[in-house]
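Colleague: I would like to go through this model with you, one question at a time. Please give the reasoning before each answer.

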Amino acid sequence: MPYRSSIGAAAAAVAAVLCMSIAGAKAQETRKYPDWEGLWKRGSPVGVWDPSKPPGARQQPPLTAEYQAVFEANLAKGKAGAQFDIKGTCGPVGMPRLMILYEPMEIVIKPKVTYMLVESMSPIRRIFTHGRDWPQESDPAFVGYSIGKWLDSDGDGTYDTLEVETRNMRGPRLFDSSGIPLAKDNETVVKEKIYLDKADPDILRNEITTYDHALTRPWTVSRFYRRDHNPVYEEYNCTEDNRWVVIGGELYLADGEGYLMPIQKNQPPPDMKYFQKYFNQTKK
């Protein structure tokens, strides 16, 4: 009996040490990641993709001739009051435009995945950080598929930088509300370098480089976000009061009584042929 008791005591001691080691390892793993808690709100201007340009100045994307023509057409539509932006009808803006942060973002860091929870048209972004490879088959998504890598740039034992690559996006997508297009083939690749400002830990910086066939070269912009330590979390449902109606490729606005209103000068009413398929059928 004493022999068995000593074995039991030894086993219990080993188990206790193992539990303490596991707990210590988990605590150490947790300490490796940066403090990105809180709610992040946009800091860079919301309406344009490249914040280095003066407010109100025209954006200068490095577009090919084909897509420069698309951009010029979108500028003309915007000036005439026509709607061309998927965001205007509460559609998902996708990557990389999501990182403008029209609405605030919460970041949740886990050992294998970093989540970006954005109260906008594309609410959840997952960045896999455990060495996962690109999927052989995957459904394209507006936010794409993101693989990230944590870096300890100053060697202090704590990760401070997240490098991310995003592929496999679907469209249509624009860079911003001015109408800068991305290529129709949706072969966009977006690379990001995300880190806290060394002088101000309440500023999160994001260096974003976009590779796309609409561009003559990779386009890099630097955006930043501001931390709110005492946020009030609010639900944002774009579709809740969405009165935009698309009929035959034309966009109209429904008034409070349900009547359609034009959104630009001399806009024609909807062509009745679009109602005949289901609402004007004759019995045989």
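Colleague: How far does helix H2 reach from its first C-alpha to its last?

Modeller: This is a predicted model, so every value here is computed from predicted atoms. Helix H2 covers residues 65-80, which is 16 residues. At 1.5 Å a residue, 22 Å is expected. The span in the model is close to that, at 23 Å.

Colleague: Which residues of H2 are buried, and what arc do they cover around the axis?

Modeller: Buried means under 20% relative accessible area. In H2 the residues that count as buried are Tyr 67, Phe 71 and Asn 74. They sit on the same side of H2, because the arc they cover around the axis is only 60°.

Colleague: Which exposed residues does the face of H2 turned away from its buried side carry?

Modeller: A residue counts as exposed when its relative accessible area is over 50%. On the face turned away from the buried side of H2, the exposed residues are Ala 65, Glu 66 and Lys 79.

Colleague: What phi does Gly 81 take, just after H2?

Modeller: Helix H2 spans residues 65-80, and Gly 81 comes just after H2. The phi of Gly 81 is positive, at about 90°.

Colleague: How many salt bridges does the structure hold?

Modeller: Side chains of opposite charge can pair when their charged atoms come close. The cut-off used here is 4 Å between a side-chain nitrogen of Lys or Arg and a carboxyl oxygen of Asp or Glu. The number of salt bridges in the structure is eight.

Colleague: How many residues apart are Lys 41 and Asp 228?

Modeller: Lys 41 and Asp 228 form a salt bridge, with their closest N and O atoms 3.3 Å apart. Lys 41 is in strand E1 and Asp 228 is in strand E9, so the pair links distant parts of the chain. Along the chain, the two are 187 residues apart.

Colleague: Is Asp 228 buried or partly exposed?

Modeller: The limit for buried is under 20% relative accessible area. Asp 228 has 22%, and its partner Lys 41 has 38% and is partly exposed. Asp 228 therefore counts as partly exposed.

Colleague: In the salt bridge of Arg 167 with Glu 165, which residue is buried?

Modeller: The closest N and O atoms of Arg 167 and Glu 165 are 2.7 Å apart. Arg 167 is partly exposed, at 32% relative accessibility. The residue with 19%, and therefore buried, is Glu 165.

Colleague: With which residue does Arg 205 form a salt bridge?

Modeller: Arg 205 is partly exposed, at 27% relative accessibility. Its closest N and O atoms in the salt bridge are 2.7 Å apart. The partner counts as buried, at 16%. That partner is Asp 197.

Colleague: Which residues are linked with Arg 227 in a network of salt bridges?

Modeller: Arg 227 lies in strand E9 and is buried, with a relative accessible area of 11%. Among the residues touched by Arg 227 are Trp 36, Trp 40, Leu 196 and Pro 201. A polar atom of the Arg 227 side chain also lies 3.1 Å from the backbone oxygen of Asp 35. In the network of salt bridges, Arg 227 is linked with Asp 35 and Asp 202.

Colleague: What share of the residues in the protein chain is buried?

Modeller: The protein chain has three helices and twelve strands. It contains 284 residues. The buried ones make up 34%.

Definitions and conventions. Residues are numbered from 1 along each chain as its sequence is written. This is a predicted model: local features need pLDDT of at least 70, side-chain atom pairs count only at pLDDT 80 or more; totals for chains, interfaces and linings use all residues. Side-chain values use heavy atoms; hydrogens and water are left out. Helices (H or I, at least four residues) and strands (E, at least two) are DSSP runs, numbered from the N terminus. The expected span of a helix is 1.5 Å times one less than its number of residues. Buried means under 20% relative accessible area, exposed over 50%, partly exposed in between (1.4 Å probe, protein chains only). The arc is that of the directions from the helix axis to the C-beta atoms. A polar contact is a pair of N or O atoms within 3.5 Å; within protein, one must be able to donate a hydrogen and the other to accept it, and residues adjacent in sequence count only if both atoms are side-chain atoms. Contact means heavy atoms within 4.5 Å. Lists of a residue's contacts leave out its neighbours within four places in sequence.
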